[in-house]
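Subject: Handover of a structure

Dear colleague,

Please find below the structure that I am passing on to you. I would be grateful if you would look through it alongside the notes that come after it.

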Amino acid sequence: LAPLRLRQPLYFTGRDHRYQTPKELKEFMVPCSDAQQKPVALLQLLHRHQDESIIIFTNSVESCHRLYRLIELYMNASG
């Protein structure tokens, strides 16, 4: 987990069966050395999995709004 440089990460196990993720759940991580690459990498990932249900987590409401606007612009441009 160290390479992810997460702030206050939480670790949970499924031992007590209270917190288990579905077996069908897939997690993707795209390492970006440059923060400016992140939106493009995310759009590529979304395009690659466009027929699937996707959930994206951001670290703030402001980031969420910016990301929403970017996706909205991308969707309008791509038809």
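The notes below go from the whole chain to its helices, its salt bridges, its largest pocket and its surface.

Overall picture

Please bear in mind that this is a predicted model. The chain has 79 residues, and 10% of them count as buried. Its accessible surface comes to about 8,000 Å², and carbon and sulfur atoms account for 55% of that area. In terms of secondary structure, the chain holds two helices and zero strands. Helix α1 covers residues 38–48, and helix α2 covers residues 61–78.

Helix α1 and its packing

Which residues of α1 are buried? They are Ala-41, Leu-42, Leu-43, Leu-45 and Leu-46. These buried residues pack against α2. Leu-42, which lies in helix α1, may serve as an example. Leaving aside residues up to four places away in sequence, Leu-42 touches Ile-56 and Leu-67. Leu-67 falls within the range of helix α2, residues 61–78. Leu-42 can also be set beside Met-29: the two are 13 residues apart in sequence, and their C-alpha atoms are 9.6 Å apart in space.

The loop between the helices

His-49 is found in the loop between α1 and α2. Is this residue buried or exposed? Its relative accessible area is 15%, which is under the 20% limit, so His-49 counts as buried. When residues up to four places away in sequence are not counted, His-49 touches Phe-28 and Ile-54.

Salt bridges in helix α2

Side chains of opposite charge can pair when their charged atoms come close. The count of salt bridges in this model comes to two. One of them joins the side chains of Glu-62 and Arg-66, with a distance of 3.0 Å from N to O. Both residues lie in helix α2, four residues apart, which is about one turn of the helix. Glu-62 has a relative accessibility of 53% and therefore counts as exposed.

Arg-69 forms a salt bridge with Glu-72, and the closest N and O atoms are 2.8 Å apart. This pair also lies in helix α2, with the partners three residues apart, about one turn of the helix. Arg-69 is partly exposed because its relative accessible area is 44%. Glu-72, at 27% relative accessibility, likewise counts as partly exposed.

The largest pocket

How much space lies in the largest pocket? The volume is about 2,500 Å³. The elements that give two or more residues to the lining of this pocket are α1 and α2. The largest share, six residues, comes from α1. In total, 40 residues line the pocket, and those nearest its centre are Leu-6, Phe-28, Met-29, Ile-56 and Phe-57. Some of these names have already appeared above: Phe-28 is touched by His-49, and Ile-56 is touched by Leu-42.

A nonpolar patch on the surface

Leu-4, Leu-6 and Met-29 make a nonpolar surface patch of about 290 Å². Met-29 sits in the segment before α1. Its relative accessibility is 54%, so Met-29 counts as exposed. Leu-6 and Met-29 thus belong to the patch, and they are also among the residues nearest the centre of the largest pocket.

I suggest viewing Met-29 first, as a residue of both the surface patch and the pocket lining. The buried residues of α1, including Leu-42, could come next, followed by the pairs Glu-62 and Arg-66 and Arg-69 and Glu-72.

With kind regards

Definitions and conventions:
Residues numbered from 1 in each chain as written. Predicted model: local features only at pLDDT ≥ 70, side-chain atom pairs only at ≥ 80, totals over all residues. Heavy atoms only, no water. Patch = residues over 30% accessible without salt bridge, like charges linked within 9 Å, V, L, I, M, F, W, Y side chains within 5 Å. Areas by Shrake-Rupley, 256 points an atom, 1.4 Å probe, with all protein chains shown as cover. Salt bridge = Lys/Arg side-chain N within 4 Å of Asp/Glu carboxyl O. Buried < 20%, exposed > 50% of the residue type's maximum accessible area, 1.4 Å probe, protein only. Contact = heavy atoms within 4.5 Å. 1 Å grid on protein atoms, 1.4 Å probe; cavity = no way out; pocket = protein on both sides within 12 Å on 5 of 7 lines; lining within 4 Å. Points joined across faces, edges and corners; volume = space filled by probe spheres on them.
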